[in-house]
Amino acid sequence: MSLLRQQGSTATAPPRAVPAKGLRTPVAGRRPGGLSARTRHKGMGLLLVSPFLLLFLAFLVAPLCYAFWLSLRTSTLVGGDHFSWFANYKQTFTDPQFLSGVRRVVVFGVVQIPLMLGLALLGALIIDEVTSRLAKVFRMTLFMPYAVPAVIGALMWGFLYSPTFGPVNSISHSLGLGKVDLLSHDLMLTSLGNIVTWQWTGYNMIVLYAALQGLPREVYEAAKLDGAGQLQTALRIKIPMISSAMVLTLMFTLIGTLQFFTEPRVLEHSASSVITPDYTPNLYAYNLAFQYSEFNYSAAISFSLGAVVFIGSYIFLFVARKRSGLK
Amino acid sequence: MSSSRKPQLRSVRRTAFAATSAALAGVLLAACGGGGGGGSSSGAPSGPVHIKVWAWYPQFKQVVAQFNKTHKDVQVDWVQAGVGQDEYTKLKTALKAGQGAPDVVMLEFQELPTIQLTKGLLDMGKYGANEDKGNYVDWAWKQASDGDHVYAIPVDGGPMAMMYRADLFKKYDLKVPTTWAQYKEEAAKLHKADPSAYMTDFGSDETAAGWRQGLTWQAGSRPYTYSASKLPDIGVKLNDASAKKVYEYWGDLVKNKLVDTQSYATTDFYNGLSSGKYATYIAAGWGPGYLSSVAAKTAGKWRVAPLPQWTAGGNAQGDWGGSSFSVTSQTKHPKEATEVARELFGTSEAAWKIGIDQAYLFPLSNPILNGAYFKSKKYDFFGGQQINSVFVPAANGISAFDWSPFQDYAYNTDTSEVGKALQGQSAWSSVNDDVQQQVTSYASKQGFKVSQ
């Protein structure tokens, strides 16, 4: 799992430039007429890195540059195409549709993220403590939703929410609570939050569980000797020690929330009077480009969103590292 | 936003497509585009010219086989590129990218001005398409052309009518309404007799935007005055009295809970059609096929009656959906592609029999539309009724209508505003004004000279 490796590297010292040093020492001197060993190794390194570099340039840097270039232009259906500097960006941050989408995902995140990560942490602490066959089953079951593709998951929940077929409705009906429309305007964010929580809790739990498994067991023994109970061990030892993994999961979740797209896009189909084309910023950008032919404005919105995510994550990581005492 | 004829198919496609992000869609497109390109290798003089066609109904396979059998120099390669909006998204992307579009593409009428405006369509008038003018009903030809410029060859249409459950009407002693006022009375009567039943469903999704447009069309609303040759002028009037009348009428039915408000093309909606929850289904010429596939177990219980009128004894009609074949500007074989667009269905009885019997297409080709075979065809699903004795006069009674070159935006805005009214966040009486305001502002921003 690459995630865990990444998580490990944030906790320990960064492995900066280690391989280069290691390689340099054994080969010394020049070969007649040849390049220096150092240069040759550099060339070799470049050669080895080049497949990645090519893909990186072709599929990340080039599209980014193109999108940025697009976002600086304005092309209208009739008026033609011209360079408009930052007009699209100015429009983005004054566009009520974009801003209401941002507000919506922020509200969504404020409730959903702590809830989901709390559940994930709780799950991780429990399965870390209980080492029985049951814990394995529990772990697998919680992780399972992550194996279901997001689209399928959202579709499935769409059926469960259905006012005619959905179990939620028939249960509330038989209890005499009347009709609960989970796809209505008031409950939509909750319904979406449920899907996301269902899908991602297990994933985050596994990340946190793996971090817990990596902790030295002697610490627990020491804590036990000092008279700490299970709750105290969890609160005072385990949680602080896996704070870097928690920061990591929080970070991924934040990014995911800001880019909220798949679930609303799927549910839009059965509740389009609630999920409007500007429901989330990402959905808005998509509809602007592919339905309203506003490619430039869409690029500006995507770019702004990308910048917000990037800067936001950077600041968050920076602050979180200082606070949690990580290196 | 589109009124696709096979929403159940569409639902599958849409959700599959939902997964692919914008970027991925581009990659996929490049992948499909690379293989086919403009069809054959144009360097080889021998052998037939291959024309790539995007169309969505599965029965199209046999129509293509029929075409390929009867043509030697031109052969059609059919690609299922998604239904309705999915196909348009791919097409628009390919046109924007400058490559990857097919030679011939199936487009609904309301999309034609949009694609034409972005220079995506070939003027088939230069390749002899004007000869077909007399073959098609007038309003359809006008939608597909602009003077002598021909941007599409009409295929099928969606004249609207009312399908109703004869058994339920009998059970609750309802009269088949001929006016909208009567329709409302019967709706109240039905709902009183059985609170779980509704006269119909007022769809709240994008698919239903075309439905609402069809109904305002019937009421006499003409929201756009547009001609590609008079750019950048456009007339936009989405809030005239007729449109407001229609929206307030349905808003009233919704408020009194006389109609359901389920999105079209959802399982709940299909279920409503087959379970007897809905007593009528107001739909178009392609509706019988749709209904008989999603509510197969109610076969024999349905009948078709003309669309209720606003004034008793009137004969105002509207259209919902309908498609055509266009040649894209990226084609390398304009002459052959035009031939394909004109002759895939054209006036070919063999092709049309496949279209009518298997795909439930509603022909706009005059000889077929007014021919004996179509008019007198009996439908078992409708208890042996000759339903086209209702639909054909409706098709002939439709009057001309202009679409805007930003129909997706207009439909989406309409859907959002109707959604707000449905959710009780705004008043029904303000829906049209809000839509008008947003659409005119969008149009002005896009460089149009808007007159209201």
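A cavity, in the sense used on this tour, is a set of grid points where a 1.4 Å probe fits but cannot get out, and its volume is the space filled by probe spheres set on those points. With that in mind, the largest cavity holds about 170 Å³ of space. The model on your screen is a predicted one, and every stop below should be read with that in view.

**First stop: the largest cavity**

Select B:Gln213, B:Leu238, B:Tyr247, B:Asp414 and B:Val435, which are the residues that lie nearest the centre of the largest cavity among the 17 that line it. If you then colour chain B by helix, you can trace the walls to helix H9 (207-219), H10, H18 and H19, each of which supplies at least two residues of this lining. By class, the lining of the largest cavity divides into ten nonpolar, five polar and two charged residues.

**Second stop: the second largest cavity**

The structure holds eight cavities of 30 Å³ or more, and the second largest has about 60 Å³ of space. To display its lining, select B:Gly285, B:Pro288, B:Ile356, B:Tyr360, B:Leu361, B:Phe362, B:Phe374, B:Tyr379, B:Ile387, B:Asn388 and B:Phe391. What does this lining contain by class? Nine of the residues lining the second largest cavity are nonpolar and two are polar, while no charged residue takes part.

**Third stop: the second largest pocket**

Now bring both chains into view and select A:Lys179, A:Asp181, B:Asp260, B:Thr261 and B:Gln262, which lie nearest the centre of the second largest pocket, a space lined by 31 residues. The volume of this pocket is about 890 Å³. Helix H8 (167-174) of chain A, together with helix H10 (241-255) and helix H18 (407-422) of chain B, each supply at least two residues of its lining, and H8(A) gives the most, with three residues. The lining of this pocket comprises ten nonpolar, 14 polar and seven charged residues.

**Fourth stop: the interface of chain B and chain A**

Select the residues of each chain that touch the other, and the contact will show 45 residues from chain B and 33 residues from chain A. About 3,500 Å² is buried between the two chains, with carbon and sulfur atoms giving 56% of that area. Which helices of chain B should be highlighted on the side that touches chain A? Helix H1 (7-19), helix H4 (85-97), helix H11 (267-275), H18 and helix H19 (431-445) of chain B each supply at least two residues there, and the largest share, eight residues, comes from H18(B). This side of chain B is made up of 15 nonpolar, 20 polar and ten charged residues. If you look for pairings across the interface, the rule finds zero salt bridges, whereas nine residue pairs, with both residues at pLDDT 80 or more, are in polar contact.

**Last stop: two points in the backbone**

Centre the view on B:Pro232, in the loop between strand S8 (224-225) and strand S9 (233-236) of chain B, and inspect the peptide bond from B:Leu231 to B:Pro232, which is cis, with omega near 0°. Then move to A:Ser293, which sits in the loop between helix H14 (281-290) and helix H15 (295-323) of chain A. Here phi is near 55°, a positive value in a residue other than glycine.

Note on methods
Residues are numbered from 1 along each chain as its sequence is written. Chains are lettered from A and ligands numbered from 1 in the order in which they are written. This is a predicted model: local features need pLDDT of at least 70, side-chain atom pairs count only at pLDDT 80 or more; totals for chains, interfaces and linings use all residues. Side-chain values use heavy atoms; hydrogens and water are left out. On a 1 Å grid over the protein atoms alone, a cavity is a set of points where a 1.4 Å probe fits but cannot get out, and a pocket is an open set with protein on both sides within 12 Å along at least five of seven lines; lining residues have an atom within 4 Å of a point. Helices (H or I, at least four residues) and strands (E, at least two) are DSSP runs, numbered from the N terminus. Ala, Val, Leu, Ile, Met, Phe, Trp, Tyr, Cys and Pro count as nonpolar, Asp, Glu, Lys and Arg as charged, and the others, Gly among them, as polar. Contact means heavy atoms within 4.5 Å. Buried area is the accessible area (1.4 Å probe) that two parts lose on being put together, summed over both. A salt bridge is a side-chain nitrogen of Lys or Arg within 4 Å of a carboxyl oxygen of Asp or Glu. A polar contact is a pair of N or O atoms within 3.5 Å; within protein, one must be able to donate a hydrogen and the other to accept it, and residues adjacent in sequence count only if both atoms are side-chain atoms.
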